[in-house]
Amino acid sequence: MLNTITRLSRVKMMWALAVLAMAVTSCNTYKKINYLQDVVPDREERIAINKGILIQPKDMISIVVSSRNPELAMMFNLPVISYQAGSEVVANGGSQRLLGYVVDNDGNIDFPVLGLVHAAGLTRWELAKEIKSRIIDGNYIKDPVVTVEFMNFKISVMGEVTSPGTYNIEGDKITLLQALSLARDLTIFGRRDNVSVIREQGDERIIYQVDLRSASLFESPAYYLQQNDIVYVEPNKVRAGQSTINENNIKSVSLWVSIGSFLTSLAVLIVNLIN
C-alpha cells in the first residue's frame, strides 16, 4: 500500500513538472510577443510636445494664400492642374491637383512675387508665418491667410509585417505604432525587441533601435516618424531558420520526432512507476 502511494506521488510530481514546464514556456512566449509590458496602468504621463517635422531639401510642399479679396491672393498661388485622358491642362473642373514647390538643395523655394524664400529647417507653420509676414510688409495684402502642407510625406515599412510597403501620410504627424498599424502589425515572426528606424537628415543617416515591449519607446527620437523614414522589423530565429525549404522541412521533422520521443519516454516512466 505504501509503495502504491509512493508511486502515485511520483506520478503527480511528474505531471506537476510537465505543467510547470508548459507554464514557463508560455510565460517566455508572452515576454517575446506582448507590447508595452512595463507600462503602469492608469498612471498619467506627460506627453512631449511634437513640434512637427522640419522641411528638408527636395521636399514638395503646397502653399495657398487666401484673402477676402481673391484677386489679390491669386498672384501668390500656383495654377491648379486638371488631368484629362493622360494629359495635363489648366482647368477649373474635373480631377484637379494643386501644383507644389520643390525645395532646392540650398533649402529655398521660388515663391511668386516674393522671390526666394528659405524653407529648409522650418516647420510648415513657421514657413506660413514667414510668408504671411513678407506679404504684409510688402503691402501686397492686408489680411493674408497662408496654408502650407506637405505633398510627399511618406514612410516605408518592411520586414516581418503583414503588409510591407510605402505609405503616403496626410498631415505631418505619425507615430511608429501608427505606421506599424498601417502595415497591419508585425507577424508572429517579427522581433518586438529590435525594430529599426532608418532616418536621413541632410548628409547624415541615423539608425534608431526601438523595443516595442518597453514604454521607453515613447521617449525615443524615432517614436514620431519623419518624411522618408524606413521602418524595418527584424525576423526572429524561427523565421531566420526557414531560409530554405529543405531546412524548414528538416526542422519540422526534427521537432515532431523530439515531441514523440518525449511523450514516449514520459509514458514509459509513468508505467514503470505504477508497476
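Leaving aside neighbours within four places in sequence, which residues is I61 in contact with? The list is I55, G100, Y101, V103, I109, L127, V148, E149, F150 and M151. This is a predicted model.

## The nonpolar core

The largest nonpolar core holds 45 residues. Within that core, I61, I63 and F111 touch the most other members. Helix α3, residues 124-137, gives the most to this core. The helix supplies four residues.

I61 links this core to several parts of the chain. Its contacts include L127, a residue that is buried in α3. V148 and E149 are also among the contacts of I61. The strand β8 spans 145-150 and helps to cover the buried residues of α3.

## Helix α3

α3 has 14 residues. From its first C-alpha to its last, the helix reaches 20 Å, close to the 20 Å expected at 1.5 Å a residue.

Which residues of α3 are buried? They are R124, L127, A128, I131 and I135. Seen down the helix axis, these buried residues fall within an arc of 100°, so they line one face of α3. An α-helix has 3.6 residues a turn, so residues three or four places apart point the same way. The buried residues are covered by elements that include β1 (60-66), β6 (108-111), β7 (115-118) and β8 (145-150).

The face turned away from the buried side carries the exposed residues K129 and D137. S133 also sits in helix α3. S133 is partly exposed, at 32% relative accessibility. Its C-alpha atom is separated by 9.0 Å from that of P144, 11 residues apart along the chain.

## Two positive phi angles

N139 follows α3. It lies in the loop between α3 and β8. Phi of N139 is positive, near 60°, in a residue other than glycine. Is N139 buried or exposed? N139 is exposed, at 69% relative accessibility.

R184 has a positive phi too, about 65°, although it is not a glycine. The residue is found in the loop between α4 (176-182) and β11 (190-201). R184 is exposed, with a relative accessible area of 56%.

## E160, a buried acid

Where is E160 found? It is in the loop between β9 (154-159) and β10 (165-168). E160 counts as buried because its relative accessibility is 13%, and buried means under 20%.

The side chain of E160 makes a polar contact of 2.7 Å with the side chain of T187. T187 is also on the wider contact list of E160, which leaves out residues up to four places away in sequence. That list reads L186, T187, F189, G190, V233, P235 and R239.

## Salt bridges

How many salt bridges does the count come to? The count is eight. Three pairs are described here.

R191 and D193 meet through their side chains at 2.9 Å, N to O. R191 is partly exposed, with a relative accessible area of 28%. D193 is partly exposed as well, at 30%.

E200 forms a salt bridge with R205, and the closest N and O atoms are 3.0 Å apart. E200 is partly exposed, at 47% relative accessibility. R205 is exposed, with a relative accessible area of 57%. The cut-off explains the two labels: exposed means over 50%, so R205 passes it, whereas E200 stays in the partly exposed class.

R213 and D211 meet at 3.1 Å, N to O. R213 is partly exposed, with a relative accessible area of 25%. D211 is partly exposed too, at 21% relative accessibility. Elsewhere, salt bridges that share partners join R124, E149 and D172 into one network. Two members of that network appeared above: R124 is buried in α3, and E149 is in contact with I61.

Methods:
Residues numbered from 1 in each chain as written. Predicted model: local features only at pLDDT ≥ 70, side-chain atom pairs only at ≥ 80, totals over all residues. Heavy atoms only, no water. Salt bridge = Lys/Arg side-chain N within 4 Å of Asp/Glu carboxyl O. Buried < 20%, exposed > 50% of the residue type's maximum accessible area, 1.4 Å probe, protein only. Core = buried A, V, L, I, M, F, W, Y, C linked by side-chain atoms within 4.5 Å. Contact = heavy atoms within 4.5 Å. Polar contact = N/O pair within 3.5 Å; in protein donor to acceptor, adjacent residues only side chain to side chain. Expected span 1.5 Å × (residues − 1). Arc of directions from axis to C-beta.
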